[in-house]
Amino acid sequence: VSAQLQRAVADLDAAKDHMRQLALEAYKHHGASRVVELLATATSAKSFGFGAEMLQRADAAQATRADVARSRRDTLAVRLGDVSTRRASVSQDVGELDAQLAETADDLARADESARAATAVLEQYLPEVTRPGTPILGDPVLTAPQLLAWYRSTGSTPNLDVDIAELIDDYLTEGRDEHVRGDVAFVQSIVETGYFSFPGSGQVGVADHNFAGIGACDSCSHGDRFADAREGVRAQIQLLRLYADPTMTEARLAHPAVRHLDKLGVRGCCPTWYSLTGTWATAPTYGPVILALLDRVAT
């Protein structure tokens with residue numbers, strides 16, 4: 001009995017210590033008022049201990065929730081930092097893209113301006129594009145007086161060793177002999193020689209009697225030379241017939257060939273003046289320029 005009593009006393013002391021500890025914790029976390037409230041409402045030491053222990057457990061749960069909240073807060077802070085960094089990077093990229101977009105817009109504006117300028121040139125020099133085309137072969141439409149009057153109206157001074165009226169007659173005569181439009185061939189020679197001014201930078205000069213750039217090319221040093229103006233015109237007319245007539249041979253020419261033509265690979269390639277573009281000359285508006293000038297001569 002004595003041993004049992006001693007154990008009971010020890011258990012009571014331990015219970016008292018536990019109660020004091022619970023009371024202390026309740027006081028620390030909830031204040032004296034909460035301890036007084038527990039004492040006032042407790043019906044026994046046991047019920048007081050139970051209330052205090054529930055408070056302690058509530059505190060532990062609250063502390064756990066606080067730790068979780070702090071952890072989530074720290075995680076969100078890190079994520080916010082990452083987002084801020086990414087936003088700054090994206091803002092920089094957007095700025096660069098805006099600059100590139102502005103530059104591209106400027107490039108497009110310049111391209112549009114170039115396209116408009118090119119369109120204006122085409123509208124000026126391509127009056128024949130929508131029509132079937134003016135054949136190289138055929139009888140002249142313009143007369144010698146018409147051609148002479150128009151040329152003199154330009155105020156140009158021909159740099160020639162033959163009178164301009166005689167040269168026009170040569171074109172019409174040689175053209176009729178080969179059934180080539182000599183009036184248009186004359187207009188072609190104006191385009192080729194700069195109104196017979198023979199610019200110093202060209203590959204042919206006055207003494208060459210070469211009125212159509214025959215034998216001249218982008219990689220050549222000099223064009224062909226002919227003995228006189230009549231021979232130069234004849235060479236041009238014969239070559240035009242070769243370009244336009246797929247059946248032409250040197251033997252079928254009205255006059256002896258000035259140049260060897262049978263072996264040239266352009267026979268019949270260009271039935272119209274427009275189609276001379278890229279063949280007779282590399283200029284992309286060569287044929288249209290001839291036809292545009294022809295229109296001005298005819299009006």
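# Salt bridges and helix packing in a predicted model

Q: How many salt bridges does the count come to?
A: A pair is counted here when a side-chain nitrogen of Lys or Arg lies within 4 Å of a carboxyl oxygen of Asp or Glu. In this structure, which is a predicted model, the count by that rule comes to 10 salt bridges.

Q: How many residues apart are R241 and E178, the pair that links distant parts of the chain?
A: The side chains of R241 and E178 meet in a salt bridge, with 2.7 Å from N to O. R241 belongs to helix α7, which covers residues 229-244, while E178 belongs to helix α5, which covers residues 164-178, and the pair thus links distant parts of the chain that are 63 residues apart.

Q: Are R241 and E178 buried or exposed?
A: A residue counts as buried when its relative accessible area is under 20% and as exposed when that area is over 50%. By these cut-offs, both members of the pair, R241 and E178, are buried.

Q: In the salt bridge of D208 with R225, how far apart are the closest N and O atoms?
A: Looking for D208 and R225 leads to one loop, since each of them lies between α6 and α7, at positions 17 residues apart. Across the salt bridge that D208 forms with R225, the distance between the closest N and O atoms is 3.2 Å.

Q: What is the relative accessible area of R225?
A: The partner of R225 in the salt bridge is D208, and D208 is buried, with a relative accessible area of 7%. R225, by contrast, is exposed, because the cut-off for that class is over 50% and the relative accessible area of R225 is 57%.

Q: Which residue forms a salt bridge with D224?
A: D224 counts as partly exposed at 22% relative accessibility, and its partner, at 24%, counts as partly exposed too. The closest N and O atoms of the two are 2.7 Å apart, and the residue that completes this salt bridge with D224 is R259.

Q: How many residues apart in sequence are the parts that D224 and R259 tie together?
A: D224 and R259 form a salt bridge. D224 lies in the loop between α6 and α7, whereas R259 lies in the loop between α7 and α8, so the parts that this pair ties together are apart in sequence by 35 residues.

Q: Which residues do salt bridges that share partners join into one network?
A: Besides pairs such as D224 with R259, which ties together parts 35 residues apart in sequence, there are salt bridges that share partners. These join into one network the residues D170, E174, R230 and R234.

Q: At what angle do helix α6 and helix α8 pack?
A: Two packed helices are described by the angle between their axes and by the distance between those axes. For helix α6, residues 182-193, and helix α8, residues 286-298, the axes lie 9 Å apart. The crossing in which α6 passes α8 is right-handed, and the two helices pack at an angle of about 115°.

Q: By class, how many nonpolar residues does the contact of α6 with α8 have?
A: On the side of α6 the contact involves V184, V187, Q188, I190, V191 and E192, and these meet Y286, V289, I290, L293, L294 and V297 in α8. Sorted by class, the contact has 1 polar residue and 1 charged residue, and the number of nonpolar residues is 10.

Q: What is the relative accessible area of H209?
A: Phi of H209 is near 55°, a positive value in a residue other than glycine, and H209 lies in the loop between α6 and α7. H179, in the loop between α5 and α6, also has a phi near 55°, but H179 is partly exposed, with a relative accessible area of 42%. H209 is buried, because the cut-off for that class is under 20% and the relative accessible area of H209 is 7%.

Q: Which residues does T279 touch, not counting residues up to four places away in sequence?
A: T279 lies in the loop between α7 and α8 and is partly exposed, with a relative accessible area of 38%. Its C-alpha atom is separated by 8.5 Å from that of C269, which is 10 residues away along the chain. Leaving out residues up to four places away in sequence, T279 touches Y243 and C270.

Terms used:
Residues numbered from 1 in each chain as written. Predicted model: local features only at pLDDT ≥ 70, side-chain atom pairs only at ≥ 80, totals over all residues. Heavy atoms only, no water. Axes fitted to C-alpha atoms, helices over the stretch in contact; angles between N-to-C directions. Helix = DSSP H or I, 4+ residues; strand = E, 2+ residues; numbered from the N terminus. Left-handed = near helix turned anticlockwise from the far one by under 90°. Contact = heavy atoms within 4.5 Å. Nonpolar A, V, L, I, M, F, W, Y, C, P; charged D, E, K, R; others polar. Buried < 20%, exposed > 50% of the residue type's maximum accessible area, 1.4 Å probe, protein only.
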